[in-house]
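Here are some short exercises to work through with the model open in your viewer. Try each task before reading the solution.

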Amino acid sequence: GRDRVDLSGVDDHAAACLFDAQTSGGLLIACEAGSTDHLLEALRARGVSHAAWIGTIVEGDGHIRVKP
C-alpha cells in the first residue's frame with residue numbers, strides 16, 4: 001500500500017499515475033539482471049512501442065522509493 005511507498009521525489013500527478021486503476025494492468029514487468037535488452041527487444045517486436053527500463057530492484061527494507 002501507499003504506506004510502504006516513498007513518493008517525496010515526485011509531484012502529485014506522477015504519483016497518481018502509479019496508483020490509478022486504469023493503468024495498473026501490465027504497468028511493470030521485472031526481469032533478471034542482464035536480460036533487459038532482450039526483454040525490450042521482444043516486447044517491441046510484439047508491438048509494445050513504449051516499453052522502457054525504469055529502475056533496479058535492490059535489497060532493502062521492503063519500501064519503494066520513487067525518484068524522478
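**Exercise 1: Contacts and layout**

Work out what share of the contacts between residues at least 6 apart in sequence join residues at least 24 apart.

Solution. Take contact as heavy atoms within 4.5 Å. In the protein, 53% of the contacts between residues at least 6 apart join residues at least 24 apart.

Before going on, note that this is a predicted model, where local features need pLDDT of at least 70, side-chain atom pairs count only at pLDDT 80 or more, and totals for chains, interfaces and linings use all residues. Residues are numbered from 1 along each chain as its sequence is written, and side-chain values use heavy atoms, with hydrogens and water left out.

**Exercise 2: The strand 2 link**

Find which residues Ile64 touches, leaving out those up to four places away in sequence.

Solution. Start with the element order, β-α-α-β from the N terminus; helices (H or I, at least four residues) and strands (E, at least two) are DSSP runs, numbered from the N terminus. Ile64 sits in strand 2, residues 64-65. Its partners are Arg4, Val5 and Asp6. Now check Val5: Ile64 and Val5 are 59 residues apart in sequence, yet 4.6 Å apart C-alpha to C-alpha.

**Exercise 3: The core**

List the residues of the largest nonpolar core.

Solution. Look for buried Ala, Val, Leu, Ile, Met, Phe, Trp, Tyr and Cys residues joined through side-chain atoms within 4.5 Å, with buried meaning under 20% relative accessible area (1.4 Å probe, protein chains only). Buried residues are 12% of the 68 in the protein. The largest core has five members: Val5, Leu7, Val10, Ala15 and Val66. Finally, pick out Ala15, which touches Leu7 and Val10, not counting residues up to four places away in sequence.

Note on methods: Buried < 20%, exposed > 50% of the residue type's maximum accessible area, 1.4 Å probe, protein only.
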